[in-house]
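Here is a quick walk through two pieces of a model, a helix and a sheet. Have the structure open while you read.

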Amino acid sequence: MKRLCITNDHGWTPRTLRKQERKIKNTLLRQRVMAVRLVMEGYLGKEVSSMVNVCRQTVSHYVSLFNEGGLELLLHRDFAPGREPFLTEEQQEEIKQLVLTTTPVELGWDVASAWNTKLLQSYVEKHFGVCISREALRKLLHRKGLSWTRPTYTLAKGNPDRQKNFEKQIDFIKKFYPLAAITENEYGDGNVYYIGGGIDDDVLNDLAKEIVQKHHIWHVESDEGVEVYRRVCDDGEYMFILNYTDQEKRFHNLTLKPYDSQIVKI
């Protein structure tokens with residue numbers, strides 16, 4: 001892909017463009033000037049698209065406008081009425097139904113349990129051949145009556161037999177020990193749990209589920225012997241899946257060989 005470059009600066013420099021950005025109140029217009037300035041400073045088109053949150057095709061269009069007519073043409077927004085949308089009405093409705101009735105993991109598109117604009121952006125580009133910004137997708141979904149919310153996780157119903165067993169253990173502890181075996185105390189902005197009894201794994205698992213549900217801690221269900229944890233870094237979120245057993249295991253649409261481990265970007 002050909003590298004983007006400024007062929008006619010029209011007397012502007014990165015420094016003067018930065019000053020101009022500060023004077024522009026309209027966010028979208030300021031975004032255009034920022035994109036041109038970043039290209040002028042030597043950034044690649046894909047780097048600029050990530051920094052200003054638009055696709056590379058849009059950055060290329062901004063650069064073309066600036067090369068042709070300078071800042072005046074770049075900031076000109078006198079578009080003709082009835083401009084044809086990026087996606088047809090049928091495609092927009094398909095995206096709406098995609099969000100409402102499916103998950104990325106069900107389609108084998110990603111391990112995430114809910115759609116976000118980043119995943120939809122890649123899906124639209126792959127299936128419709130259209131490059132559209134995440135902000136445009138957010139507005140599209142808003143027009144379709146959808147709004148963004150954080151995903152919630154519903155824990156599986158407790159096992160009645162295990163619950164009865166837990167109650168028996170509590171009765172036993174109360175009978176033979178004058179002090180509580182499990183206590184919860186506030187400490188600073190958090191809570192501290194003290195476990196001082198001989199409690200089996202089933203009870204500990206139930207307690208852990210109660211804690212993550214009560215305090216809204218991120219978690220995910222996995223098979224016994226499969227550990228899954230999440231890490232966040234500058235370029236996004238990653239999920240580490242480790243199989244500690246000598247058997248083949250599955251996690252969502254991934255197959256883990258014995259003692260295998262995989263890293264998946266969310």
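Which residues of α5 are buried?

## Helix α5: the buried side

This is a predicted model, so take what follows in that light. The buried residues in α5 are Gln-91, Gln-92, Ile-95 and Leu-98. Look down the helix axis and the buried residues of α5 all sit within an arc of 115°, so they line one face of the helix. The general background helps here: an α-helix has 3.6 residues a turn, so residues three or four places apart point the same way.

What sits over that face? The cover on the buried residues of α5 includes α6 (117–128) and α7 (134–143).

## Helix α5: the other side and the length

Flip to the other side of α5 and you'll find Glu-90, Leu-100 and Thr-101, which are exposed.

The length checks out too. Helix α5 runs over residues 89–101, and at 1.5 Å a residue its 13 residues should span 18 Å. The C-alpha atoms at its ends are 18 Å apart, which agrees.

## The three-stranded sheet

Now for the strands. An open sheet is built from three of them, in the order β3-β4-β7, with antiparallel pairing. At the edges are β3 (226–233) and β7 (261–265), each of which pairs on one side only. On average, neighbouring strands of this sheet are turned by 20° against each other, ignoring direction.

Zoom in on β4 (residues 236–243) and β7: they pair in the antiparallel sense over five bridges. To pick out a bridge by eye, go to Phe-240, whose bridge partner in β7 is Ile-263.

How values were computed:
Residues numbered from 1 in each chain as written. Predicted model: local features only at pLDDT ≥ 70, side-chain atom pairs only at ≥ 80, totals over all residues. Heavy atoms only, no water. Helix = DSSP H or I, 4+ residues; strand = E, 2+ residues; numbered from the N terminus. Expected span 1.5 Å × (residues − 1). Buried < 20%, exposed > 50% of the residue type's maximum accessible area, 1.4 Å probe, protein only. Arc of directions from axis to C-beta. Contact = heavy atoms within 4.5 Å. Pairing = 2+ DSSP bridges. Axes fitted to C-alpha atoms, helices over the stretch in contact; angles between N-to-C directions.
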